[in-house]
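Here are a few short exercises to work through with the model open in your viewer. Try each one yourself before reading the solution.

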Amino acid sequence: MEAIVALAFAFLVFPFSSPAQALSSNYYDHTCPQLESIVRSAVQNAMSNDKTVPAALLRMHFHDCFIRGCDASVLLNSKGKSKAEKDGPPNISLHAFYVIDNAKKALESKCPGIVSCADILALAARDAVAMSGGPSWDVPKGRKDGRISLASETRQLPAPIFNISQLKQNFAQRGLSIKDLVALSGGHTLGFSHCSSFQNRIHNFNATLDVDPTMNPSFASKLRSVCPAHNKVKNAGSPLDSSNLIFDNAYYKLLLQGNSIFSSDQALLTTPKTKALVSKFASSQKAFEKAFVESMIKMSSLTGGQEIRLDCRVVR
């Protein structure tokens, strides 16, 4: 869930299927019992070569679920002039699609035409968290893959410049609560953001101030040195927290210290209810992990697909 960039706040949301749509933890027990070990191996192999894979998979799953439900539409390639979600502005920096491809290829050799790409992505996101030191959980399965993927719909993703009202509305449109909002924001414990996603806080903040006054001055100064006003370095940016390869509650502790990256992170301190949850998760990793797991299961149960793709990047 790195830089969740969107050009505008969209109020139009396409309907998702019921969260109860035929999902169950043992959905593939008889048809593809090797599923979880195959996906886990694909994630593990990728992680051994690239430490950024867990953050990439978690963010990919989040971005998939927030548009048309968790239907693997984020994996589809653009076709001609029809630009797919992965080519929408917020998704340009998504990567590690090959992890899902590798898992799908292995699964097709063991149980052809059985496992959806959407389920593979949901499992990979869970494994990414667990392999980074975070919790594990039973992932309800039985999602189908979607056939529609439009770059224009990435405007529906919550943006790093959102205030608390926009965030609450964006999550509520998907049946997600304020607690879900704060818990899922904790996914920012993994990952990295490019300068463009927090430039608004460290340069020309408003008519009178150059820097967001809610930021810790020394932290803001550090970010300004990495991301100057007219930054020319393509991959310049900052880790999302101080232990960005480990799934922990450091994100919330840093948030309370004024060391958060996005405006949308800081926004969590602007209402009593969200601030209380930030404080609770900062003081208890156990409470954070419990809430995160519950919210991940809830979010990943937003379904909307119709088929089982044989190639995760192309509709059948």
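**Exercise 1.** Which residues does the UniProt annotation "binding site" cover? Work out how they sit relative to each other in space.

*Solution.* Keep in mind that this is a predicted model. Start with the record: the UniProt entry, which is unreviewed, puts its "binding site" annotation on T189, D241 and D248. Next, look at the spacing. These residues are spread over 60 residues of sequence, yet they cluster in space, with a largest C-alpha distance of 9.7 Å.

**Exercise 2.** Place T189 in the fold, and decide: is T189 buried or exposed?

*Solution.* First find the segment: T189 belongs to the loop that links helix 6 (178–185) to strand 1 (192–194). Then check the accessible area. The cut-off for buried is under 20% relative accessible area. T189 comes out at 0%, so it is buried. Finally, list the partners, skipping neighbours within four places in sequence: T189 is in contact with D241, S243, N244, I246, F247, D248 and Y251. Two of the annotated residues, D241 and D248, are among those contacts.

**Exercise 3.** Do the same for D241: where does it lie, and which residues does it touch?

*Solution.* D241 is in a loop too, this one running between strand 2 (237–239) and helix 9 (250–256). Its relative accessible area is 5%, so D241 counts as buried. Leaving out residues up to four places away in sequence, D241 touches H188, T189, D248, A250, Y251 and L254. That list includes the annotated T189 and D248.

**Exercise 4.** Zoom out: how many helices and strands does the protein chain have, and how does its radius of gyration stand against the globule rule?

*Solution.* Count the elements first: there are 12 helices and two strands. Reading from the N terminus, the order is α-α-α-α-α-α-β-α-α-β-α-α-α-α. Now for size: the radius of gyration is 19 Å, close to the 20 Å from the globule rule for 316 residues, so the chain is as compact as a globular protein of that length. The C-alpha trace spans about 60 × 45 × 40 Å along its principal axes.

**Exercise 5.** What share of the residues counts as buried, and what share of the contacts joins residues at least 24 apart?

*Solution.* Of the 316 residues, 56% count as buried. For contacts, take pairs at least 6 apart in sequence: 78% of them join residues at least 24 apart. To finish, look at the surface, where about 13300 Å² is exposed and carbon and sulfur atoms supply 57% of it.

Terms used: Residues are numbered from 1 along each chain as its sequence is written. This is a predicted model: local features need pLDDT of at least 70, side-chain atom pairs count only at pLDDT 80 or more; totals for chains, interfaces and linings use all residues. Side-chain values use heavy atoms; hydrogens and water are left out. Helices (H or I, at least four residues) and strands (E, at least two) are DSSP runs, numbered from the N terminus. The radius of gyration is taken over C-alpha atoms; the globule rule is 2.2 Å times the number of residues to the power 0.38. Buried means under 20% relative accessible area, exposed over 50%, partly exposed in between (1.4 Å probe, protein chains only). Contact means heavy atoms within 4.5 Å. Accessible areas come from the Shrake-Rupley method with a 1.4 Å probe; for residues, only the protein chains shown count as cover. UniProt positions are given in the numbering used here, feature names are shortened, and annotations may be inferred rather than shown by experiment.
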